[in-house]
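Please open the structure in your viewer and keep a selection box at hand. The stops below say what to select next and what is to be found there.

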Amino acid sequence: MRRMNPHAAATLALILSLIASVSAQRPASAPPTAPAGKPPDTVLLEELTWAEVRDLIKAGTTTIIVGTAGTEQKGPHMVDGEHKFVMEYTGDKIARALGKTLVAPVVTYVPEGSWENPAGHMTKPGTITLPDDRFAELLVNAGRSLKAGGFTTILFIGESGGNRNGMRMAAERLTEMWKGTAARAFWIDDYYTKGHADQNKWITEKVGIPAAEIGGHANILDTSELLFVNPKHIRRNRLTGNDYENNGVSGNNQGKATPEIGKALLQIKIDNALAQIKGLMAGSITRQQSEAPGDAEGGGRGGRGGGRGGRGQSAQGADRPAIEPTLETAPASRTATQAPDTVFIDELTWEETRDAMKAGKTTVIVPTGGTEKNGYHMVIGKHNFVVAHAANLMARRLKNALVAPIVQYVPEGDPDRQNAGAISLPSPAYDMLLDAAARSLKVHGFKEILFIGDSGGNQAGLTSVANKLNEEWKGGATKVYALTDYYSASRVYYRAWLEAQYGYDEDTVGSHAGISDTAQMLFIHPSGIRKDQIKPWGGPQDSGVSGDPTKATAEIGKMGVEFKVNAGINQYKRMKNPPRRQTEGQ
C-alpha cells in the first residue's frame, strides 16, 4: 500500500475537519421557525419552553402573575419559606381561574427589615432582606422583560406585608413607562390587605377567636394555610408548648390550626384577588391599593420586619459598634429542635437554622440560576433546577453548609429585548440583590458566603460583589467566595471528558441547550425536556440551540453535574487555604 505524502495527508485532514465542522452545525435547510408541541398542563412559566410560551401568547395568554413571597422567620413550628409555598399554590389557582394567564417564578428576596439595625424578623437566623428600592427595581426589570416577550398585563401579588410598597412603586413606574401602549401593570393589594381583614373576620365568626387575640404572624392563619398547602413544612410537635417570649409568633393560637381552616382562608385571598383583577382589567375599578385598613392583619403578617429595609442601606460605618450575630442573640428554645434532612434555609424553621449554625454550619451557598430561552425542547427554568440540585450536593459534601433560596432572576441582557418568557435582571440590580443577600446572612453569623452561578451571565456580578464585600469586611469574621469555577472550569473539564469518552468535538457539544445542558436536565428534571422536540442542532433556525442535543443522556448529565460540584468545591478549598508559594531553593 502506497503511503500518502505528508502534504497530501495534511490537506486531507484539513478537508475532513472542515466537513466535520460543517456537519456539526444546523443545516441551512432547517426551517426558520416551527410551532411548539402541545404544552403540559401547567401555568408555571419555568415549566414551559420558550416556544410554548410564544405560542400561548399568540393564542391570547397575555397575562402573567409575578408573585412575591419572602424568606423570614415563622416561629418555632413553621419553615422560613412559608410565604413561597403558599404563593406557589395561590398563584396557580388564580391563574387557572382567570384563564389565559401564566405565573412567573416566585420572588423570594423581598423587604424584611434592616441589616444595619436588625429588628423584627431580622433578629432571627435565616431571614433575608432586600431593601424596598432594590426590590422595586427587580420587579420593574421583570415587568419590562415579560412585556418584551409579549405579555401585556403584569400582575404583582404579594404574600407578605413588607412587599406592598415595592409592588406599588413598581406598578406605578411601569404604568408611567408604558403610557401610550397596550401594556399595563397592576398591584393586586386586595389579595393581601383585604384578604387578611376578611380572614380575621372569618376566624372570629367560624372559630370563635376574638379579633384582638388573632395576632399577626405565624398564627392560626399562616399555620392553617401551610397545613393545607404543604403540611411537611409544619413541625406539629412544636405547635404547642413553645410559647416563650420573642419566639416569632404573634397570636399564640397556632395549635388550633387545621388544613380545613387553611383551605377556607386561602380561598378568601384567591377570591379577593380575582375580584380586583377582573375589575381592573374591565376598567370597572381603578384603585390598586386595598380599601381595607392597612393594619387589619395585626401589623403585617410579614410586614413587622423592622421596617421596609430602607433605600439601599449603606455599609456599617467604622464608628458604628459591631452587631452581635443573631445566632447568639436570638432567644433560646424551650425544647430541642429536630430538623428534617434538608440543607435549604427555606425548608428550616429559624430555630433549626440557628441550631445548625451552632453545630458548625456557618457556611451558606447563594445559588443563582436563570429564566431564559433553552430551545424548543427544554424549559425556561433549566438553570434554576440544575443549580438547586448542585447546591444541595455541594452543601452535603462540604458538611458545614446551608443553602439560601435560588436567585431565579439574573442578567440575560437588555430587559426590553427578551424572548417570550425570559426575564432579565441586569447589573447593577442583580449585584445589589447579591449584596443584600450577603449582608443579611452576615448579620446572622454566617462566616463564609459562597456564590455560585449556573449561567455565564451570572459570573461577573458574583465576582464584583464578592470583591467589594471582602474589601469592606477585611479583617472581619465573614468572607465571600465567588466560585466561578463551578461554571467556567467545569465546562472545560466536561468538554474534555465528552471528547475523550464519546469523540464529541466543541461544535457537537455546543454552548447553549446542546448536549451538556440537555443531559443535565434529563438527569435532574426529565419532565423539563420535551423528548419529541429534541432535534439535531436544535431544529429550526430560531431555536437558540448550539450543539446537538440528540446525543444527550441522563448518564452524561450526571457527570456534568459532578464536574460543576467538584469544580466549585475545589475552588472554595483553594481560596480558603491557598497553596503556599515555594521560596527559591526549596
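Begin by selecting the open sheet of 4 strands whose order is β2-β1-β3-β4, with parallel pairing; strands here are DSSP runs of E with at least two residues, helices are runs of H or I with at least four, and both are numbered from the N terminus, while two strands pair if DSSP finds at least two bridges between them. At the edges of this sheet stand β2 (101–103) and β4 (184–187), and because each has a single partner strand, one side of each is left without a neighbour in the sheet. From one strand to the next the twist averages 25°, where axes are lines fitted to C-alpha atoms, for helices over the stretch in contact, and angles run from 0 to 180 degrees between N-to-C directions.

This is a predicted model, in which local features need pLDDT of at least 70 and side-chain atom pairs count only at pLDDT 80 or more, whereas totals for chains, interfaces and linings use all residues. Residues are numbered from 1 along each chain as its sequence is written, and side-chain values use heavy atoms, with hydrogens and water left out.

Staying in the sheet, select strand β1 (residues 63–68) together with β2: the two pair in the parallel sense over 3 bridges, and Thr63 stands opposite Thr101 in β2.

Move next to the open sheet of 4 strands with the order β6-β5-β7-β8, in which the pairing is parallel. Its edges are formed by β6 (401–403) and β8 (479–482), each with a single partner strand, so one side of each is left without a neighbour in the sheet. Direction ignored, neighbouring strands of this sheet are turned by 25° against each other on average. If you select strand β7 (residues 448–453) and β8, you will find them paired in the parallel sense over 4 bridges, with Lys479 in β8 as the bridge partner of Glu448.

Now turn to the helices, beginning with helix α12 (residues 429–444) and helix α13 (residues 459–472), whose axes come within 9 Å and cross at roughly 45°. That makes α12 oblique to α13, since angles under 35 degrees count as roughly parallel, over 145 as roughly antiparallel, 65 to 115 as roughly perpendicular and the rest as oblique. The crossing of α12 and α13 is right-handed; a crossing has this hand if the near helix is turned clockwise from the far one by less than a right angle, and is left-handed if anticlockwise.

In the loop between β6 and α12, select Pro428, where the peptide bond from Ser427 to Pro428 is cis, with omega near 10°.

Helix α11 (residues 382–398) is the next selection, shown with helix α17 (residues 554–576): these two pack at an angle of about 50°, with their axes 10 Å apart. The crossing of α11 and α17 is right-handed. Add helix α16 (residues 515–524), which packs with α11 at an angle of about 60°, their axes being 10 Å apart; α11 passes α16 in a left-handed crossing.

What does a search of the whole structure find in the way of cavities of 30 Å³ or more? It finds 1, a cavity being a set of points, on a 1 Å grid over the protein atoms alone, where a 1.4 Å probe fits but cannot get out, and lining residues having an atom within 4 Å of a point. About 80 Å³ of space lies in the largest cavity, a volume being the space filled by probe spheres set on the points, which are joined across faces, edges and corners. To see the lining, select residues including Val106, Tyr109, Leu138, Ile406, Gln408 and Leu433.

Finish at Asn252, in the loop between α7 (220–229) and α8 (259–282), which has a positive phi of about 50° although it is not a glycine.

How values were computed. On a 1 Å grid over the protein atoms alone, a cavity is a set of points where a 1.4 Å probe fits but cannot get out, and a pocket is an open set with protein on both sides within 12 Å along at least five of seven lines; lining residues have an atom within 4 Å of a point.
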